[in-house]
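Q: Please pick one part of this structure and walk me through it slowly, then show me what else is worth a look. I'm new to this, so plain words are welcome.

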Amino acid sequence: MPHAEPQPTAVREPAAPGEPTASPEEAASPEEAASREGAAPPSLWRNRDYMAWWTGNGLSVLGNSVSSISYPLLVLATTGSVARAGVITAATMLGSLLTTLLGGALADRVSRRAILLCSPLVQALVLGTIALLVRSGEVSVPLLAAAAAVSGMASGLAMGAMTPALRRIVPREQVGAATAQGLGRDMTAQLVGSPLGGLLFSVSRWFPFAADAVSYLFAALGVALVRKPLGPGGEAGEAGEADKGKKGKKDKDGKDGKHGLFADMAAGLRLVRSHPYLRFTVVWGALLNAVAQGFFLLFVALVKHRGGGPATVGLVNSMALAGGVLGAIAGPLVLKRMRARRVVIVALWVFVESFAVVAFVPEPWQIGCVLLVAMTTMVPLNVVLESYEVRLVPDEYSGRVAAVTRFGMQALQWTGPLAAGFLADAFDVPGAILALMVVMAGLAVSLHLSRPTLAVLDRPLDEVEEMAVPEAERRSRTR
């Protein structure tokens, strides 16, 4: 489920003793007031905070797509080694995994706005430095790998604050639509970013990295323009929350410090383990992502096996991304007409069948058409899983739980390409795809066998209530 999850702003000062206080209706935002009155909230496109957030993050994803294609092009141009190009991608993924859990714990302790501002600024500094080094000709693979790891670590920290911040920006009943729009935006950015990265790289090798650095500045600006408090707590209390994170979180010996932070991370893990839906989706999603990553490698090899060159690979990939965009547009409409469980089951069986068809169609363009259909169904699946998680998890735990689920779902991704490569050597590319299809079919069957575990998906999203936090967990939180 699958790629990514930081100014002063006008804050209502507390009333002095004796002063009249605003009523809840006066203090509420237009969206909250509409929800309280039973009316539908305004369109997300009319939500100023959401549009600032959506635009800033969209430009950042576009910039990241530009540099992601430019990293391997740079390494291949300077060393000619595919393995060294893979080191850069691995460094980014590992850097992100190292800090994802930490980012989730921090998001529930300190200012999420500060995290979401500082992380892209660090990434802008890293990409700007790379651009300068590439322009001067003083670049090496170890240096690029180190820079990619630092950028990935900053991304991991920001991911922990993304989901809890989004639930502050949009009303609860619009979380599904916001998730779908975000996925569609990201896939559109990737669709444009890959060829744009190649074009900018052909103009000058340093140009794509400079463009990505600027895109991260826009991401920080988008967060700075959000007026709503992003938490934890109220905006005016964010600094106080940071202090409490240092002073109020003590270990059994009464000591302040990082033990409390690791205890928060452990609390997020325990909360995921305590809820059947969250526990199932993390394990199931980890296996699904591993298979999907392996399939991506085999799809590139299959297009070449069918006679396609690099340009054809790019075209087929663009067709798949176009399917993702269509799925993001259709996602909210599908959720209004189908139960969430049915959306997930249909999407996965369509994906299983796409493996079988792709293995046998003779032409690259036919592979692209099959992937377009598959991605059109897979994006609504992602929308369902993310939206129901947001509705289930209480705000004070949202950062840690989002980080734990994201970490778990991404933890096995690196095994997919390794297994796919081994299967391709043993059974040829079509045979390897069919072997992965068997695993994917097993994941689809597990959805039918886990009906009690996934019972929450039988309820409409707007009727889902927050999960009950175990009393022992609440006592440890307030201790």
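**A loop and the helix before it**

A: Let's start at Pro232, which sits in the loop between H8 and helix H9 (238-247). Keep in mind that this is a predicted model. The peptide bond leading into this proline, from Gly231 to Pro232, is cis, and its omega is near 0 degrees.

Now step back to H8, the helix on one side of that loop. H8 covers residues 207-224 and gives 3 residues to a nonpolar patch, the largest share of it. The patch lies on the surface and is made of Leu59, Val214, Phe218, Leu221 and Leu225, which together have about 400 Å² of accessible area. Take Leu221, which is in helix H8. Its relative accessible area is 43%, and residues between 20% and 50% count as partly exposed, so Leu221 gets that label.

Next, try another stretch of the chain. Helix H13 (residues 340-360) packs with helix H16 (residues 415-449) at an angle of about 165 degrees, and their axes are 9 Å apart. Anything over 145 degrees counts as roughly antiparallel, so that's how H13 runs relative to H16. As for the handedness, H13 makes a left-handed crossing as it passes H16.

While you're at H16, find Asp428, which lies in that helix. Asp428 isn't a glycine, and yet its phi is positive, at about 75 degrees. Like Leu221, which is partly exposed, Asp428 is partly exposed, here with a relative accessible area of 38%.

Terms used:
Residues numbered from 1 in each chain as written. Predicted model: local features only at pLDDT ≥ 70, side-chain atom pairs only at ≥ 80, totals over all residues. Heavy atoms only, no water. Patch = residues over 30% accessible without salt bridge, like charges linked within 9 Å, V, L, I, M, F, W, Y side chains within 5 Å. Areas by Shrake-Rupley, 256 points an atom, 1.4 Å probe, with all protein chains shown as cover. Salt bridge = Lys/Arg side-chain N within 4 Å of Asp/Glu carboxyl O. Helix = DSSP H or I, 4+ residues; strand = E, 2+ residues; numbered from the N terminus. Buried < 20%, exposed > 50% of the residue type's maximum accessible area, 1.4 Å probe, protein only. Axes fitted to C-alpha atoms, helices over the stretch in contact; angles between N-to-C directions. Parallel < 35°, antiparallel > 145°, perpendicular 65-115°, else oblique. Left-handed = near helix turned anticlockwise from the far one by under 90°.
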